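Me: I am new to this structure and should be grateful for a close look at a single part of it. Please take the largest cavity and describe its surroundings in one connected account.

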Amino acid sequence: MLGAELRQIREGLGITVNETAGLLGWHQSKVSRVENGRSGIRPDEVEAVLDAYRVADPETRAALAALAGEGRQRMWWTPYSDVITQRYASYIALEAEATSMRNFREVLVPGLLQTPEYTRAVTGALQPDSPPDALDALVNVRLARQNATLRRADPLELWAVLDEAALRRVIGGARTMAKQLHHLLRASEEPHITLQVLPFAAGAHGGLMGSFAILQFPVRSDLDVVYTESHTSNIQLERKTDLMTYSRMFDELSSAALDAASSRDLISYVVKDLE
């Protein structure tokens, strides 16, 4: 977030990476590493950059200095660094800073709403060669993510739209799936969680190309990102046109989905089938 904001300020001023390096007495590689999030930066260095860019707004300066301080803190997922990939850690870092998320899931229940049993079944299918202790650690990471986002003092505002396929695909057996759906019903009653189901009857829709999440952040709306993933890579989209496209798509999916009450009715119906 911090690197993206500093890069955006620099580009808005028409200043090159080399020119910034000259103003600060840094090597140009340091400027690039900071802007790409690969290198930390101290609050006093942020102040120096903002001075060089002649940014006088006190709110902006305070917010970015605070981000610099937070970026140097030890994060909760550090003990799991031996079992999670760098791209997963990067996503967790984004999620930890977000204030709200709009999430469309095509086949699976969103990770923040999964039960331990469901998570283990999904992870075991996606990583069949992982030993049991590694699967246990990944389940613990998922539970820690849920605690760090949905159960903190200012919980993440989560708005999830699930394709009906996510309810119908029996993951981990009927008992595990029924428990997962009961968990969804309880979660849907939380004030910071909105849950909708996109029924099969809705037909073709804009989400057929795959799941995605739109994360929104407290500093400035132009730091918002769209996140998609696959087996081998993930894509983090930051351009305004991409954000507009996915935001419009999510609005269309939400409009085509059942409302919250009808979604709970459908989930309850599927649970009865399983039980």
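Reply: The largest share of the lining of the largest cavity, three residues, comes from α3. The model discussed here is a predicted one, and helix α3 is the natural place to begin.

A few words on the whole chain will help to place this part. The protein chain has 275 residues, of which 45% are buried. Twelve helices and six strands are found in the chain, and its C-alpha trace spans about 65 × 40 × 35 Å along the principal axes. Among contacts with a separation of 6 or more, 73% are between residues 24 or more positions apart.

The cavity itself comes next. A search of the whole structure finds one cavity of 30 Å³ or more, and the volume of the largest cavity is about 60 Å³. Its lining is made up of L6, T20, L24, W26, V31, V34, E35, I41, V49 and Y53. Both α2 and α3 supply at least two residues of that lining.

Helix α3 covers residues 28-35, and V31, V34 and E35 are buried in it. These residues cover an arc of only 95 degrees around the axis, so they are on the same side of α3. A general rule of helix geometry is of use here. An α-helix has 3.6 residues a turn, so residues three or four places apart point the same way. V31, V34 and E35 also appear in the lining of the largest cavity. The buried residues of α3 are covered by elements that include α1 and α2, the latter running over residues 17-24.

V34 deserves a separate description. This residue of helix α3 has a relative accessible area of 5%, which is under the 20% limit, and V34 therefore counts as buried. Beyond its neighbours within four places in sequence, V34 is in contact with G3, L6, S39, G40 and I41. Of these contacts, L6 and I41 are named in the lining of the largest cavity, as is V34 itself. For a sense of distance across the model, V34 and F212 are 178 residues apart along the chain, and their C-alpha atoms are separated by 27 Å.

E35 leads from α3 to another helix. The side chains of E35 and R10 are joined by a polar contact of 2.7 Å. R10 lies in helix α1, which runs over residues 2-13. Because its relative accessible area is 7%, below the 20% limit, R10 is classed as buried. Setting aside neighbours within four places in sequence, the contacts of R10 are I15, T16, V17, T20, E35 and Y53. Among these, T20, E35 and Y53 also line the largest cavity.

The two ends of α3 can now be considered. H27 is placed in the loop between α2 and α3. With a relative accessible area of 56%, over the 50% limit, H27 is therefore exposed. A polar contact of 3.0 Å joins the side chain of H27 to that of S29. H27 is also ten residues from V17 in sequence, and the C-alpha atoms of the two are 9.5 Å apart in space. Just after α3, G37 takes a positive phi of about 75 degrees.

Another positive phi is found in the loop between α4 (43-52) and α5 (58-71), where R54 is located. The phi of R54 is near 55 degrees, a positive value in a residue other than glycine. R54 has a relative accessible area of 78%, which exceeds the 50% limit, so R54 is exposed.

Finally, the nonpolar cores give a wider setting. In soluble globular proteins, nonpolar side chains tend to be buried together. The largest nonpolar core of this model holds 35 residues, and L113, L167, L184, L215 and I267 touch the most other members. Helix α10, residues 174-187, gives the largest share of this core, five residues. Apart from it lies another core, of 18 residues, with A21, W26, I41 and L67 among them. W26 and I41 are also named in the lining of the largest cavity. Returning to the largest core, L215 is in contact with Y91, L94, E95, A98, S100, M101, D224, V225 and Y227, leaving aside its neighbours within four places in sequence.

Definitions and conventions. Residues numbered from 1 in each chain as written. Predicted model: local features only at pLDDT ≥ 70, side-chain atom pairs only at ≥ 80, totals over all residues. Heavy atoms only, no water. Core = buried A, V, L, I, M, F, W, Y, C linked by side-chain atoms within 4.5 Å. Buried < 20%, exposed > 50% of the residue type's maximum accessible area, 1.4 Å probe, protein only. Helix = DSSP H or I, 4+ residues; strand = E, 2+ residues; numbered from the N terminus. Contact = heavy atoms within 4.5 Å. Polar contact = N/O pair within 3.5 Å; in protein donor to acceptor, adjacent residues only side chain to side chain. Arc of directions from axis to C-beta. 1 Å grid on protein atoms, 1.4 Å probe; cavity = no way out; pocket = protein on both sides within 12 Å on 5 of 7 lines; lining within 4 Å. Points joined across faces, edges and corners; volume = space filled by probe spheres on them.
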